[in-house]
Amino acid sequence: YTVDPKYLDEAQAVIDGMSDAGISLYNSTLMRNINATDMLVANALVDLSALTAAGPFACSSMSSWGASTASDPFLDGHLVVTRLLDWSKHPTLTDNVLLTVHFPKEADEQPWICIGYAGLFGALSAISESGLSACLNMGNNDASAGGAPYYPILLTVRNGIESADYDGDGSHTPADITAAIQDRARNIDTIVHVTKDEGLGSRPLIIESNNAAGVAVRDCSDNTIIPADNLVA
């Protein structure tokens with residue numbers, strides 16, 4: 001695995017912040033204080049989940065817009081996302097749910113929010129200031145042929161969400177997340193649901209990826225039995 005230097009700095013900042021707040025860094029399982037590398041391992045949680053005895057995570061999501069939300073007086077045809085985070089019920093997670101608001105200072109980045117857990121600074125369920133959202137779901141083909149060093153998928157999605165214009169086309173669109181995923185090697189199969197509310201003209205994407213098969217993108221034009229303006233992962 002590899003990460004950008006900025007994420008190592010951020011991991012160390014989390015450790016420093018815990019220490020400054022008087023929180024014990026000692027972990028009884030590791031029998032030592034946790035460090036920045038441990039924080040990065042935690043942010044590769046979904047990548048490593050397929051290797052554990054507990055098995056992989058799951059998750060699902062659905063976006064609806066246009067004819068599917070036109071009768072709702074609040075939405076009036078605009079896009080809404082429904083998201084199920086089908087993870088473990090372990091209290092380490094369920095007792096530490098956190099909404100994090102990021103305000104980057106870099107000129108080529110933008111504010112964004114993440115719905116996740118304490119210590120998780122990758123983009124699990126995220127929305128950028130410009131209205132682009134990404135929800136990470138897990139796939140079922142974890143072939144990782146020909147890709148190392150791998151890059152944690154939550155940090156890959158964050159690269160696309162946090163960047164003001166990842167693919168350089170002049171705007172922040174679902175294509176930015178596709179480009180970010182294509183740029184990095186993956187050790188896990190993921191299904192990333194990406195949306196941006198454009199009212200009746202919304203065109204959300206499902207980005208499916210693993211190193212064996214590459215990256216495939218689908219939208220509602222690929223639907224079979226799913227009716228109307230809905231896209232499901």
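1. Strand E10 is the place to begin: in this predicted model, five of its six residues are buried, so the strand is largely enclosed by the rest of the structure. On one side, E10 pairs with strand E9, which spans residues 190-196, in the antiparallel sense and over five bridges. A representative of this pairing is threonine 190, whose bridge partner in E10 is serine 209.

2. E10 also pairs with E11, and here too the strands run antiparallel and are joined by five bridges. Three residues lie between E10 and E11, and the two strands form a hairpin. Within this hairpin, isoleucine 206 has arginine 218 of E11 as its bridge partner.

3. Arginine 218 deserves a second look, since its side chain forms a salt bridge with glutamate 208, with the closest N and O atoms 3.1 Å apart. Arginine 218 belongs to strand E11 (residues 214-218) and glutamate 208 to strand E10 (residues 205-210), so this salt bridge ties together parts that are 10 residues apart in sequence. Arginine 218 counts as partly exposed because its relative accessibility is 24%, which falls between the limits of 20% and 50%. Glutamate 208, with a relative accessible area of 31%, is likewise partly exposed.

4. How many salt bridges are counted in the model? The count comes to seven, and some of them share partners, which joins Lys6, Glu10, Glu109, Arg158 and Glu162 into one network. As a general background to such contacts, side chains of opposite charge can pair when their charged atoms come close.

5. Within that network, lysine 6 forms a salt bridge with glutamate 109, and the closest N and O atoms of the two are 3.1 Å apart. Lysine 6 lies in helix H1, whereas glutamate 109 lies in the loop between strand E5 (97-102) and E6, so the pair ties together parts that are 103 residues apart in sequence. Lysine 6 is partly exposed, with a relative accessible area of 35%, while glutamate 109 is buried, at 18%.

6. Lysine 6 has another partner in glutamate 162, and the side chains of these two residues meet in a salt bridge with an N to O distance of 3.8 Å. This pair links distant parts of the chain, because glutamate 162 is in helix H5 (residues 153-162) and lysine 6 is in helix H1, 156 residues apart. Is glutamate 162 buried or exposed? Its relative accessible area is 3%, and glutamate 162 is therefore buried, the limit being under 20%.

7. Helix H1 also takes part in an aromatic contact, one of the three aromatic pairs counted in the model. The rings of tyrosine 7 and phenylalanine 121 have centres 6.5 Å apart and planes at 15°, so this pair is stacked, planes under 30 degrees apart being the condition. Tyrosine 7 is in helix H1 (residues 5-20) and phenylalanine 121 is in the loop between strand E6 (112-117) and strand E7 (125-128), so that the pair links distant parts of the chain, 114 residues apart. Both tyrosine 7 and phenylalanine 121 are buried.

8. A contact of another kind involves arginine 184, whose charged end sits over the ring of tyrosine 151 at 4.0 Å from the ring centre.

9. Turning to the surface, Leu99, Val101, Phe103 and Ile115 make a nonpolar patch of about 420 Å². Among them, leucine 99 is found in strand E5, and leucine 99 counts as exposed because its relative accessibility is 54%, where over 50% is required.

10. Two residues call for attention in the backbone. Most residues other than glycine have a negative phi, yet cysteine 59, which is not a glycine, has a positive phi near 90°. Cysteine 59 is placed in the loop between helix H3 (45-49) and strand E3 (60-64), and with a relative accessible area of 12% cysteine 59 is buried.

11. Aspartate 76 has a positive phi as well, of about 50°, although it is not a glycine. Aspartate 76 lies in the loop between E3 and strand E4 (80-84). Which relative accessible area does aspartate 76 have? The value is 53%, and aspartate 76 is exposed, whereas cysteine 59 is buried.

Conventions. Residues numbered from 1 in each chain as written. Predicted model: local features only at pLDDT ≥ 70, side-chain atom pairs only at ≥ 80, totals over all residues. Heavy atoms only, no water. Helix = DSSP H or I, 4+ residues; strand = E, 2+ residues; numbered from the N terminus. Buried < 20%, exposed > 50% of the residue type's maximum accessible area, 1.4 Å probe, protein only. Phe/Tyr/Trp six-rings, centres within 6.5 Å; stacked < 30°, edge-to-face > 60°. Lys NZ or Arg CZ within 6 Å of the ring centre and 35° of its normal. Salt bridge = Lys/Arg side-chain N within 4 Å of Asp/Glu carboxyl O. Patch = residues over 30% accessible without salt bridge, like charges linked within 9 Å, V, L, I, M, F, W, Y side chains within 5 Å. Areas by Shrake-Rupley, 256 points an atom, 1.4 Å probe, with all protein chains shown as cover. Pairing = 2+ DSSP bridges.
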